[in-house]
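Here is a friendly walk through a single protein chain, written to be read with the model open beside you. Please have a viewer ready, and we will go from one residue pair to the next.

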Amino acid sequence: QRVQAIGVGGSSANLSGGCGLRGTIGATSPIVPGSPGFRITLSNVPGALGGVLTMDTSPPLSPLINCGPCTVIPGFTTLFPPVFDTVAGTAHVPIPLPCVASLIGGQFEFQWLILAIGPAPCSIVPNISASDRMQIVIRE
């Protein structure tokens, strides 16, 4: 009997909250266990000097941090160094999803913190902007 290795997949949802040079956060599909090419992406950030991708593995229980117009996920349970192209204003982090059935139904929130010289949307952390938050749900 044949077994389908990758199903239709999960979903991603933009939860807003970005500020400053926020860019556009995205996810490649399929969002399923066993997807070796899954990535979290960032685009439309020309002039950014770099950044980091943060992940919170405990939504929706984590309270959010608000600073000026920014809404940032706390937790930062994981920080991912990205592949960043400062000329094109894009970045991505490959996150191969292991073929583990217990991932099905898992919810994770991601957000980019972006280093850019300019007005600080949140006075506590100068030169840092935040993308919108994005939630992914892993499905078959």
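Let us begin at Asp132, which has a relative accessible area of 14% and is therefore buried, since buried means under 20%. Please keep in mind throughout that this is a predicted model.

**Salt bridges**

The side chain of Asp132 meets that of Arg22 in a salt bridge, with 2.8 Å from N to O. Asp132 sits in the loop between E11 and E12, while Arg22 sits in the loop between E1 and E2, so this pair ties together parts that are 110 residues apart in sequence. Arg22 has a relative accessible area of 33%, which makes this residue partly exposed.

How many salt bridges does a search of the whole structure find? The search gives 2. Besides the pair just described, the side chains of Arg133 and Glu109 meet in a salt bridge, at 3.2 Å from N to O. Here too distant parts of the chain are linked: Arg133 belongs to strand E12 and Glu109 to strand E10, and they are 24 residues apart. Arg133 and Glu109 are both buried. As general background, side chains of opposite charge can pair when their charged atoms come close.

**Ser131**

One place before Asp132 in the numbering, you will find Ser131, in the loop between strand E11 (128–130) and strand E12 (133–137). Is Ser131 buried or exposed? Its relative accessible area is 0%, so Ser131 is buried. A polar atom of the Ser131 side chain lies 2.9 Å from the backbone nitrogen of Trp112. Leaving out residues up to four places away in sequence, Ser131 touches Gly17, Gly18, Arg22, Ile25, Leu42, Gln111, Trp112 and Ile114. Two names in that list are worth a second look: Trp112, whose backbone nitrogen has just been mentioned, and Arg22, the salt-bridge partner of Asp132.

**Disulfides**

Turning to the cysteines, the count of disulfides comes to 2. A disulfide is a covalent bond between the sulfur atoms of two cysteines. The pairs are set out here.

| Pair | S to S distance |
|---|---|
| Cys19 and Cys70 | 1.9 Å |
| Cys67 and Cys122 | 1.9 Å |

For Cys19 and Cys70, the torsion about the S-S bond is about 90°, so this disulfide is right-handed. Cys19 lies in the loop between strand E1 (11–16) and strand E2 (24–27), and Cys70 is in strand E6 (residues 70–72), so the bond ties together parts that are 51 residues apart in sequence. Both Cys19 and Cys70 are buried.

The disulfide of Cys67 and Cys122 is right-handed because the torsion about its S-S bond is about 90°. This pair also links distant parts of the chain, with Cys67 in strand E5 (residues 65–67) and Cys122 in the loop between strand E10 (107–115) and E11, 55 residues apart. Cys67 is buried, as is Cys122.

What pattern do the disulfides follow when bonded cysteines are counted along the chain? The pattern is 1-3, 2-4. There is also Cys99, which counts as exposed because its relative accessibility is 68%.

**Ala48**

Ala48 offers another view of the chain. This residue is found in the loop between strand E3 (39–43) and strand E4 (50–56). With a relative accessible area of 2%, Ala48 is buried. Apart from neighbours within four places in sequence, Ala48 is in contact with Leu21, Phe84, Thr86, Ile114, Leu115 and Ala116. Ile114 is in this list and is also touched by Ser131. From Ala48 to Asp85, the C-alpha to C-alpha separation is 8.9 Å in space, against 37 residues in sequence.

**The protein as a whole**

Stepping back, which elements make up the protein: how many helices and how many strands? There are 0 helices and 12 strands, and from the N terminus on the elements run β-β-β-β-β-β-β-β-β-β-β-β. Of the 140 residues, 41% count as buried. Among contacts between residues at least 6 apart in sequence, 69% join residues at least 24 apart. The accessible surface of the protein comes to about 7,300 Å², and carbon and sulfur atoms account for 60% of this area.

Note on methods:
This is a predicted model: local features need pLDDT of at least 70, side-chain atom pairs count only at pLDDT 80 or more; totals for chains, interfaces and linings use all residues. Side-chain values use heavy atoms; hydrogens and water are left out. Helices (H or I, at least four residues) and strands (E, at least two) are DSSP runs, numbered from the N terminus. Buried means under 20% relative accessible area, exposed over 50%, partly exposed in between (1.4 Å probe, protein chains only). A polar contact is a pair of N or O atoms within 3.5 Å; within protein, one must be able to donate a hydrogen and the other to accept it, and residues adjacent in sequence count only if both atoms are side-chain atoms. Contact means heavy atoms within 4.5 Å. A disulfide is a pair of cysteine sulfur atoms within 2.5 Å. A salt bridge is a side-chain nitrogen of Lys or Arg within 4 Å of a carboxyl oxygen of Asp or Glu. Accessible areas come from the Shrake-Rupley method with a 1.4 Å probe; for residues, only the protein chains shown count as cover.
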